[in-house]
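Trainee: I should like to request a close look at a single part of this model, treated in the context of whatever surrounds it. Please take one element, say what it packs against, and proceed outwards from there.

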Amino acid sequence: MDRNDMMTASDLHPRNSGNPRKTEIFRNRNPESVATNVETIMTLELTYYPDPILKKRAPAVQVIDSELRARVREMFEIMYEENGIGLAAPQVSWSTRLFVINVTGDPEEGEELIFINPQILASEGEEIDEEGCLSIPDIRGNVARKYRVHVKAQGLDGKWFDLEAEDLLARAIQHELDHLDGILFIERLSPASKLAVKKDLKQLAKQQPPGS
Ligand SMILES: [Zn+2]
């Protein structure tokens, strides 16, 4: 999910619901040294609509090892570079059930959340708000989501955790979880939004032939 969502969200810092565990964060980074590191280490790249991998249901993560942890770190780097607040593995051509979120979109702030093999256990309420997606540049529209979700997932240590989230964090979780099931937010747009982005979507599909 892209960072512009913050602008329309009523609460940038979701209420401290559930106290999710924090994972390692790169602090006090010098942007230049990061850029150099990124060039030498990065192996993942953002995938764009209509790449077929975005339409696939991703299989469960079986092994949580150092390679997976390194890729998760890369996903955070890509997400921050692209001004995102969430990124799912299929968006970097990695078809596996995992996504990362930091609702502040700022590596120096907020909490870095990692959801491996996530499941929504319960949800309630409904809220309509604008969304965007890093894999579908410049397209935005209104999507109805559950206002509150109770989610269960594994962390980088393999342990299961529970999280109650609402508002923007709940929205981000639902958006990213959809990616693991091959569902894009454009499929969930309100009829008016769907109509409004129809032309732009067609254009995008032309620019980015499958597999490019
Ligand atoms: Zn997305």
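Mentor: The terms come first: helices here are DSSP runs of H or I with at least four residues, strands are runs of E with at least two, and both are numbered from the N terminus. Read in that way, the elements of the protein chain follow the order α-α-α-β-β-β-β-β-β-β-α-α, that is, five helices and seven strands. The model is a predicted one. Its average pLDDT is 85, and 79% of the residues score at least 70. Caution is due for residues 7–40, where pLDDT stays under 50 and the model has 41 contacts beyond four places in sequence.

The part I propose to examine is helix 4, residues 167–180. Its length can be checked by simple arithmetic: 14 residues at 1.5 Å each should span 20 Å, and the end C-alpha atoms are indeed 20 Å apart, so the two values agree. Of those 14 residues, 13 are buried, which leaves the helix mostly covered. For comparison, 34% of the 212 residues in the protein chain count as buried. After the helix comes Gly 182, with a positive phi near 75°.

What covers helix 4? Consider the sheet first. It is open and has five strands, paired antiparallel in the order 1-2-3-6-7. Strand 1 and strand 7 form its edges, each pairing on one side only. On average, neighbouring strands are turned by 40° against each other, direction ignored. Within the sheet, four bridges link strand 2 to strand 3 in the antiparallel sense, and in this pairing Phe 99 has Phe 115 of strand 3 as its bridge partner. Helix 4 packs on this sheet and touches strand 1, strand 2, strand 3, strand 6 and strand 7, with its direction at about 155° to that of strand 2. Helix 3 also lies across part of the sheet, namely strand 1, strand 2 and strand 3, and runs at about 45° to strand 2.

The pairing continues from strand 3 to strand 6 through six antiparallel bridges; there, Glu 124 stands opposite Arg 148 of strand 6. Strand 6 and strand 7 are joined antiparallel by seven bridges, with His 150 opposite Glu 164 of strand 7. These two strands form a hairpin with five residues between them, and Gly 158 in it takes a positive phi near 85°.

Strand 6 also shows how burial is divided between the two sides of a strand. In a regular strand, side chains alternate between the two faces of the sheet. Strand 6 has a covered face made of Val 149, Val 151 and Ala 153, and an uncovered face made of Arg 148, His 150, Lys 152 and Gln 154. Two residues already named for their cross-strand partners, Arg 148 and His 150, are thus on the uncovered face.

We can now return to the helix by way of the nonpolar core. The largest such core has 43 residues, and Met 75, Phe 99, Val 100, Ile 101 and Ile 173 have the most contacts inside it. Two or more residues each come from helix 3, strand 1, strand 2, strand 3, strand 5, strand 6, strand 7 and helix 4. Helix 4 gives the most, with seven residues. Phe 99 illustrates the arrangement: beyond four places in sequence, it touches Gly 86, Leu 87, Ala 88, Ala 89, Phe 115, Glu 176, His 179 and Leu 180.

Strand 5 also gives residues to this core. Seven antiparallel bridges join strand 5 to strand 4, and Asp 129 has Val 143 as its bridge partner. Strand 4 and strand 5 make a hairpin with two residues between them.

A contrast to the covered helix is found at Pro 59, in the loop between helix 2 and helix 3. Pro 59 counts as exposed because it has 11 C-beta neighbours inside 10 Å, and the limit for that class is 12 or fewer. It is nonetheless in contact with Ser 95, Thr 96 and Arg 97, its neighbours within four places left aside. The C-alpha atoms of Pro 59 and Leu 98 are separated by 9.6 Å, although the two residues are 39 apart along the chain. Across the protein chain, 72% of the contacts between residues at least 6 apart in sequence join residues at least 24 apart.

Technical notes:
Residues are numbered from 1 along each chain as its sequence is written. This is a predicted model: local features need pLDDT of at least 70, side-chain atom pairs count only at pLDDT 80 or more; totals for chains, interfaces and linings use all residues. Two strands pair if DSSP finds at least two bridges between them. A nonpolar core is a set of buried Ala, Val, Leu, Ile, Met, Phe, Trp, Tyr and Cys residues joined through C-beta atoms within 7 Å. A residue is buried if 20 or more other C-beta atoms lie within 10 Å of its own, exposed if 12 or fewer, and partly exposed in between; C-beta atoms are placed from the backbone. Two residues are in contact if their C-beta atoms, placed from the backbone, lie within 7 Å. The expected span of a helix is 1.5 Å times one less than its number of residues. pLDDT is the predictor's confidence in each residue, from 0 to 100. Axes are lines fitted to C-alpha atoms, for helices over the stretch in contact, and angles run from 0 to 180 degrees between N-to-C directions.
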